[in-house]
Amino acid sequence: MSRIDYLERIPNNVDLAGNRRLQRALEEWQPKFLDWWIEMGPEGFQAADVYLRTAVGVDAQGWAHFDWVRMPEYRWGIFLAEPESQRLIPFGGHKGKPVWAEVPGEYRATLRRLIVTQGDTEPASVEQQRHLGRACPSLYDLRNLFQVNVEEGRHLWAMVYLLDAYFGRDGREESEALLQRRSGHADKPRILGAFNEPTPDWLSFFMFSFFTDRDGKYQLASLAESGFDPLSRTCRFMLTEEAHHMFVGETGVGRIVQRTCEVMREGKTDDVRGRGVIDLPTIQRYLNFHCSVSLDLFGSEISTNAANFYTNSLKGRFEETKRDDDRQLKTALYPVTTLDGERVVTRDEPALTSLNERLRDDYVADCARGVARWNQVIARAGIDFELTLPHRGFHRAIGAFAEVKVAPDGRLISEAEWDAHHREWLPTDEDRAYVASLMTPVTAPGAFAPWIASPARGINGQPADFTYVRFTP
Ligand SMILES: [Fe+2]
Ligand SMILES: [Fe+2]
């Protein structure tokens, strides 16, 4: 069961051949997906051979096979984690009952919405990143970008499988619509805000992979707890892929920070813009931006939707099965940081309606660990500077802080103070123009753009000067 059938037109481990109706639906969707990939996927590299990993099994160890692939020939398919035998619903109103193999009728619309919202983010990020290849800092980074891109494409397959397999005609219509929306489009934008922001340069890309892909990790982890077992199994395997995306983001920013610190030390100056690297305050402003738009993805602090998802056993908490409370949260409270008139306060709210905030807290703690590792790079270079996560109220468009102005340190400030200082806190046009000016492609094997350090090790044990992408003449 864990082996994936690659003889099929659509690789899968769900016995697609045994379900003709579903197979036909997906085989009809496949060429439309490919059209979308050609139109909206990595621009200028569709003919290149890329050293990519492909899933060959779904167990945690050794599931990937590395080989040269032209991206349009990548074997996108349907891979679910192994079923847990006798799995019981771990939380909510249906806790302790056997998991559902089919969609319960009363939750059909809600589940469809959850799946579509997750599914929409996957092609969106491919669209956001489609121009980056032309400005790659190395073949290693170019390959990592494409790996992330093809896997986001596969994540779209994962959600389309659920829609087509379990939601009938509605599901097939949603599958079509997922290929119709476009990131940043005025009339048919992607569903969530952060997925309509441009990713114009590689610092943005690495920050996006660190912050926004990590939101994906937390959403997938809470959907992996779902009582709807096919969703749970789908998300569990997606999480194993997602880990690499966050690795790309964290090490990418870390290598930029490292290179900047090297140049600061060599030049004994923090005025490094003339020296071809990205100054630490600019990195902080990018961090502030990507962190704040990603925090919005978790939704409002207080949410009856989130409470209903939980009570209906559709979407759990992060690592639900490790929690030793009643996993129903009927009377539990949770401390929520919010706004009380003119003050930022933390107060106890019902845990059920605070689930978005709780997931956001888990996320912020995870982000903080990554930022601490970046700060170790700075400290090791003997430089007196610390990157920090902005306060959760900073630059928010959703939730209690959307209507007010909050400084990165958490102070509630006036519009006038915001106007006077936001250029210190968010990337300015000058910052973006400067970073853009550094984005000249480096494609010689083993060479790296001057603004980023080489990685500690290559992909799949390959040397740093490995030709990760081969261009066809
Ligand atoms: Fe994804
Ligand atoms: Fe991802």
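Here are some numbered notes on this predicted model, starting at its metal ions and moving outward.

1. Let's begin with the iron ion (ligand 1). Its protein donors are Glu 122 (OE), Glu 152 (OE) and His 155 (ND1), which lie 2.0 to 2.2 Å from the ion. Along the chain these donors follow the spacing E-x29-E-x2-H. Glu 122 belongs to helix α2 (residues 108-128) and Glu 152 to helix α3, so the pair links distant parts of the chain, 30 residues apart. Both of these glutamates are buried.

2. Now look at the iron ion (ligand 2). Glu 152 (OE), Asp 213 (OD), Glu 242 (OE) and His 245 (ND1) are its protein donors, again with distances of 2.0 to 2.2 Å. Here the spacing along the chain reads E-x60-D-x28-E-x2-H. Why is the arrangement of the four donor atoms called irregular? They subtend angles of 89 to 171° around the ion, and that makes the arrangement irregular.

3. Which residue coordinates both ions? Glu 152 does, and the iron ion (ligand 1) and the iron ion (ligand 2) are 3.4 Å apart.

4. Two donors of the iron ion (ligand 2) share a helix. Glu 242 and His 245 are three residues apart in helix α6 (residues 229-267), and so are separated by about one helical turn. In general, an α-helix has 3.6 residues a turn, so residues three or four places apart point the same way. Glu 242 is buried at 3% relative accessible area, and His 245 is buried too, at 0%.

5. Helix α3 (residues 139-166), home of Glu 152, deserves a look of its own. Its 28 residues reach 41 Å from the first C-alpha to the last, close to the 40 Å expected at 1.5 Å a residue. The helix is mostly covered, with 27 of its 28 residues buried. At its start, a side-chain oxygen of Ser 138 comes to within 3.3 Å of the backbone nitrogen of Tyr 140. After the helix comes Gly 168, with a positive phi near 55°.

6. On to the strands. β3 (residues 333-340) and β4 (residues 343-350) run antiparallel and are joined by eight bridges. One partnership to find is Thr 337 with Thr 346 in β4. The hairpin has two residues between the strands, and Gly 341 takes a positive phi near 60° there.

7. There is also an open sheet of three strands in the order β2-β1-β7, paired antiparallel. Its edge strands are β2 (64-70) and β7 (469-470), each pairing on one side only. Strand β1 (residues 49-55) meets β2 over seven bridges, and Arg 53 stands opposite Phe 66 in β2.

8. How many salt bridges does a search of the whole structure find? The total is 39. One of them joins Glu 84 and Arg 236, with the closest N and O atoms 3.7 Å apart. Glu 84 sits in the loop between β2 and α2 and Arg 236 in helix α6, so this pair ties together parts that are 152 residues apart in sequence.

9. A salt bridge can also sit within one helix. Arg 369 and Asp 366 meet at 3.3 Å, N to O, and both lie in helix α9 (residues 355-380), about one turn apart. Arg 369 is partly exposed at 45% relative accessible area, whereas Asp 366 is buried at 7%. Finally, try tracing the network of salt bridges that links Glu 39, Asp 120, Glu 127, Arg 181, Arg 182 and Arg 190.

Note on methods:
Residues are numbered from 1 along each chain as its sequence is written. Chains are lettered from A and ligands numbered from 1 in the order in which they are written. This is a predicted model: local features need pLDDT of at least 70, side-chain atom pairs count only at pLDDT 80 or more; totals for chains, interfaces and linings use all residues. Side-chain values use heavy atoms; hydrogens and water are left out. Donors are N, O and S atoms within 2.8 Å of the metal (3.2 Å for Na, K and Ca); water is not among the atoms, so sites may look incomplete. Four donors count as tetrahedral if all angles lie between 85 and 135 degrees; four count as square planar and six as octahedral if opposite donors are over 155 degrees apart and all others between 65 and 115; anything else is irregular. Helices (H or I, at least four residues) and strands (E, at least two) are DSSP runs, numbered from the N terminus. Buried means under 20% relative accessible area, exposed over 50%, partly exposed in between (1.4 Å probe, protein chains only). The expected span of a helix is 1.5 Å times one less than its number of residues. A polar contact is a pair of N or O atoms within 3.5 Å; within protein, one must be able to donate a hydrogen and the other to accept it, and residues adjacent in sequence count only if both atoms are side-chain atoms. Two strands pair if DSSP finds at least two bridges between them. A salt bridge is a side-chain nitrogen of Lys or Arg within 4 Å of a carboxyl oxygen of Asp or Glu.
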